[in-house]
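I opened this entry to keep track of what I looked up, in the order I looked it up. Charges over rings come at the start, then aromatic pairs, then the fold as a whole.

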Amino acid sequence: MPVLKGGSRPPWVGLGAAVWVQVAAGNAYNFPLYSPSLKSVLGYSQQQLTILGVANDIGENVGLLPGIVCNKFPPWVVLLIGGLASFLGYGVLWLAISQTVQSLPYWLLWVALAIATNSSAWLGTAVLVTNMRNFPLSRGTIAGILKGYVGLSAAVYTEIYCMVLNESATSLLLFLTIGIPVTSLAMMYFVRPCTPSGEEDSSARTHFLFTQTASMALGIFLLTTTVINEILSLSEAIRYTFVVIMVGMMLSPLAIPIKMTIFRRKPVSSSEKMGLGKIDASQSETLLLSDERESEDSSDVEILLAEGEGAIMENKRRPKRGEDFTFQEAFVKADFWLLWFVYFLGVGSGVTFLNNLAQIGDAVGVDDTTILLSLFSFGNFVGRLGGGVISEHFVRSKTTPRTIWMTFTQVIMIIIFLLCAWGLKATLYAATALLGICYGVQFAIMVPTASELFGLKNFGIIYNFMLLGNPLGALLFSGWLAGYIYDEEAAKQQVSTCLGPECFRVTFFVLTGVCGLGVILSVILTIRIKPVYKILYSGGSFRIPYRSGH
């Protein structure tokens, strides 16, 4: 077991460092920026490029091994492996595109890309699992913040690519080869397990609100500067100024531990604690329940010891929802698979829209799809951040299961896909932004829900298994469904680029049905887990189950 760092400041230092790691973990979003160079410099066909895109998705989302490692080793080991994977993978790609080494085989580049983007799984797992354990009472908020910064990473890299690297794919790959390992090495000391607080801290909400506001300001800044850079011809000085401001805004979460250092809170003395003398009803109830459980546990232990070791094994109680599950125990639960399928159907349909956004824009007559991509990226960020904030509010005030927001967003996705099926150019921009929000919510809800139902002890493995829904959805709905129908319609028109609403109409109708099934399953899941949330949040804040080992 790793040594826990004590004190109130280290968790906030770790959260500030995690922001940078999460941005680094979004490196897989860069594939559209350098993939044209893979095609032009190396002479690959569109089909070969598409298969490399599959390697990009697989590497980013296959994280079972990082989930296992994070349970056995401290976070710095996971971060070190992630940095090494990035250095090796992107290093090979840079050697190929810069033609430093020529005639590298195609299979080697496929493997290198998968290894490079697999760094996302290592880096993301390290900081997400660590911070969820450091802030166990604010899981939705933490998930929203960290997943939100992953959503912003695409805009951060685009800003660097356009304003510093002069849109050079070779420079971008060199930047990824060196920059991501340096970031992971610089932050590994600060991302560390800390002693979690067992009670609500009044200042924590203010700190979280500051972090959320800072991330929202960064998102608006990145969207604005990206659009300005597309419309106007900016001087080098202005572009560099924008990047410096961006870096300063990314450092803003560190203002919290700095403030805590300057304005230290006066510790409450033991005499003052005794002078308070009053315990509210909910605390009394918790204490009584704890006493009862301790007496029951002690009597149970005495009986079991008397019956022998074999009896202990036979009478060992299985965990209940809200307690710590092993992966094998969670794997056979109906709620586990309901959550997986709801997530798979939501992100699978969303990533299909994202992967084909350029072709969708071309089909309805949008010449420049850069703004569409920026709108989806910003919406994705808002959905991740907002999904965490809103679900945290309602789960505390109404004990509303978080999954109800997956239901609502997938209903909205049904409406959006029906509108898109008719190829209305006027609604495409609004539909893209809304779909980005709905897509982001799926991530923000899945993460804390999995931890609340199955505990934090083996959360890394469970979370990464849930993530497999993303590449599987991309393969089924984007690669096989949308790609096949698009090629068929293009063949009918006897062109390589399909034009008109027919290019994606059948795909959108199918995705409407997919989200319809997701709505049904999410309603069933919400009804099933409602009693669990009433127990976990009955006092207006999260109660850590007494059998949990985290």
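**Charges over rings.** I began with Arg-384, which lies over the face of Phe-443 at 4.1 Å from the ring centre. The model is predicted, and I read every distance here with that in mind. I also noted Arg-192, whose charged end sits over the ring of Tyr-189, 4.8 Å from the centre of that ring.

**Aromatic pairs.** Next I counted ring pairs and arrived at 37 aromatic pairs. I checked Phe-327 and Phe-336: their ring centres are 6.2 Å apart with the planes at 80°, and planes over 60 degrees apart count as edge-to-face, so this pair is edge-to-face. I found both Phe-327 and Phe-336 buried.

I then went back to Phe-443 for its ring partner Tyr-343. Tyr-343 and Phe-443 make an edge-to-face pair, 5.7 Å centre to centre and with 90° between the planes. I looked up where the two residues sit: Tyr-343 is in helix α16 (residues 334-355) and Phe-443 in helix α20 (residues 425-454), so the pair links parts of the chain that are 100 residues apart.

Buried or exposed, I asked of Tyr-343? Its relative accessible area is 0%, and the limit for buried is under 20%, so Tyr-343 is buried. For Phe-443 the relative accessible area is 4%, so Phe-443 is buried by the same limit.

**Aromatic cluster.** I traced one aromatic cluster, and Phe-327 and Phe-336 are both in it. Among its other members I listed Phe-325, Phe-331, Trp-337, Trp-340, Phe-341 and Phe-344, along with Phe-454, Phe-465 and Phe-477.

**Nonpolar core.** Which residues touch the most other members of the largest nonpolar core? I got Tyr-34, Met-246, Phe-353, Phe-459 and Phe-508, in a core of 145 residues. I followed up Phe-353 and left aside its neighbours within four places in sequence. Phe-353 is then in contact with Ile-360, Phe-376, Phe-417, Cys-420, Leu-428, Thr-432, Leu-435 and Phe-508. Phe-508 therefore appears twice in my notes, as a contact of Phe-353 within 4.5 Å and as a residue in the core list.

**Whole protein.** I closed with the totals. The secondary structure comes to 23 helices and zero strands. Of the 550 residues, 51% count as buried. Among contacts with a separation of 6 or more, 85% are between residues 24 or more positions apart. The protein exposes about 24,700 Å², and carbon and sulfur atoms supply 66% of that area.

Conventions. Residues numbered from 1 in each chain as written. Predicted model: local features only at pLDDT ≥ 70, side-chain atom pairs only at ≥ 80, totals over all residues. Heavy atoms only, no water. Helix = DSSP H or I, 4+ residues; strand = E, 2+ residues; numbered from the N terminus. Buried < 20%, exposed > 50% of the residue type's maximum accessible area, 1.4 Å probe, protein only. Areas by Shrake-Rupley, 256 points an atom, 1.4 Å probe, with all protein chains shown as cover. Core = buried A, V, L, I, M, F, W, Y, C linked by side-chain atoms within 4.5 Å. Phe/Tyr/Trp six-rings, centres within 6.5 Å; stacked < 30°, edge-to-face > 60°. Lys NZ or Arg CZ within 6 Å of the ring centre and 35° of its normal.
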